[in-house]
Amino acid sequence: IQYKLRCIAFQSLKAGVISPNFTQAMKLWTLLGIPAFGAVLTLFWMMVFKPLPVYWGSLLSPTVYLSAKVSLSILWVFTGVTSLVFAKDTGIEILLKGGFTLPLAETALHAGAMLDIGIGVWILTHVRLTICYLAQLIVIATYTVLLSFIDQEFWLHPFGPVTKNFHIMMLIYLMCVHEASLAEKHEAATWPGQPRYNDSLC
């Protein structure tokens, strides 16, 4: 949506008239941004002030961890759905600008969208979550590098479509560390008194 707004703004600047599409896209971005911003503030408040009990040895309380997982899952799934439904043309345009051919751009767009949706579902399955979090870090880093090569202006965009990735990656890293600590405590409870080797990935 942010990239679409940028393109429409340039077109409107050349035409000298604000396009109705810009107003519609801005309303949608604002509608989605308000609850997202509120959710981030709520999560930050819960992590700093810890209104709920934090279990000894855990980085996050169960409620905060669950909230972070659900929020992250929604982010990935919505990103994938947006790429396939709401902003497919915008995604193709970005890839074409990066030198992709049209067939390759369409294939990459669909593959990336399905990957995003798959990661969002994976987060809620409780299966090998440490690997899931590491995969997310790799995917986000890859997206960031690709966008940087395609158009460096993304770094200076007022809505921060690239710079936000660092905050998301930090959250994912914290969740990865928390999941690894839970796995270690589970192993300790399962094999009490036995020597354990820290083979966690985070």
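A residue counts as exposed when its relative accessible area is over 50%, and as buried when that area is under 20%. These two cut-offs serve throughout the description of this predicted model, and they apply directly to a residue in the loop between helix 5 and helix 6, Arg-128. With a relative accessible area of 62%, Arg-128 is exposed. Its backbone also deserves a look, since Arg-128 has a positive phi of about 45° although it is not a glycine.

Arg-128 has company in this respect. His-126 is likewise found in the loop between helix 5 and helix 6, and it too combines a non-glycine side chain with a positive phi, here about 65°. His-126 counts as exposed because its relative accessibility is 57%.

It helps to step back to the whole chain. The secondary structure consists of seven helices and zero strands, so that, read from the N terminus, the order of elements is α-α-α-α-α-α-α. Of the 202 residues in the protein chain, 31% are buried. Among the contacts between residues at least 6 apart in sequence, 65% join residues at least 24 apart.

Helix 5, residues 102-123, offers a good route through the packing, as its contacts with helix 3, helix 4 and helix 6 can be described in turn. Helix 3 spans residues 62-86, and its axis comes within 8 Å of that of helix 5, with a crossing angle of roughly 160°. Since angles over 145 degrees count as roughly antiparallel, helix 3 and helix 5 are roughly antiparallel to each other. Their crossing is left-handed. On the helix 3 side, the contact includes Leu-72, Trp-76, Val-77, Val-81 and Leu-84, together with Lys-69 and Gly-80. The partners contributed by helix 5 include Leu-109, Met-114, Ile-117, Ile-119 and Val-121, as well as His-110 and Asp-116. By class, the residues of this contact divide into 12 nonpolar, six polar and two charged.

The contact of helix 5 with helix 6 (129-150) follows a related geometry. Here the axes lie 10 Å apart and the helices pack at an angle of about 150°, which makes helix 5 roughly antiparallel to helix 6. Helix 5 passes helix 6 in a left-handed crossing. Helix 5 brings Gly-112, Leu-115, Asp-116, Ile-119, Trp-122 and Ile-123 to this contact, where they meet Leu-129, Ile-131, Cys-132, Ala-135, Gln-136, Val-139 and Tyr-143 of helix 6. The residues involved comprise 10 nonpolar, two polar and one charged. Asp-116, Ile-119 and Ile-123 of helix 5 therefore appear both in the contact with helix 6 and in the contact with helix 3.

Helix 4 meets helix 5 in another arrangement. The axes of helix 4 (residues 88-97) and helix 5 come within 9 Å and cross at roughly 125°; the two helices are therefore oblique to each other. This crossing is right-handed. From helix 4, Lys-88, Gly-91, Ile-92, Leu-95 and Leu-96 take part, and they meet Leu-102, Ala-105, Glu-106, Ala-108, Leu-109 and His-110 of helix 5. The contact is made up of seven nonpolar, two polar and two charged residues.

Several helix 4 residues are also shielded from the surroundings: Thr-90, Gly-91, Ile-92, Ile-94 and Leu-95 are buried. Their cover includes helix 1 (2-15), helix 5 and helix 6. Among these buried residues, Gly-91, Ile-92 and Leu-95 are also part of the contact with helix 5. After helix 4 comes Gly-99, which has a positive phi near 100°.

The cysteines complete the picture. The structure holds zero disulfides. For Cys-132, a member of the contact between helix 5 and helix 6, the closest cysteine sulfur is that of Cys-176, and the separation of 9.5 Å is too far for a bond, given that a disulfide requires sulfur atoms within 2.5 Å. Cys-132 is buried, with a relative accessible area of 1%. Cys-7 also counts as buried, because its relative accessibility is 14%.

Technical notes
Residues are numbered from 1 along each chain as its sequence is written. This is a predicted model: local features need pLDDT of at least 70, side-chain atom pairs count only at pLDDT 80 or more; totals for chains, interfaces and linings use all residues. Side-chain values use heavy atoms; hydrogens and water are left out. Axes are lines fitted to C-alpha atoms, for helices over the stretch in contact, and angles run from 0 to 180 degrees between N-to-C directions. Angles under 35 degrees count as roughly parallel, over 145 as roughly antiparallel, 65 to 115 as roughly perpendicular and the rest as oblique. A crossing is left-handed if the near helix is turned anticlockwise from the far one by less than a right angle, and right-handed if clockwise. Contact means heavy atoms within 4.5 Å. Ala, Val, Leu, Ile, Met, Phe, Trp, Tyr, Cys and Pro count as nonpolar, Asp, Glu, Lys and Arg as charged, and the others, Gly among them, as polar. Buried means under 20% relative accessible area, exposed over 50%, partly exposed in between (1.4 Å probe, protein chains only).
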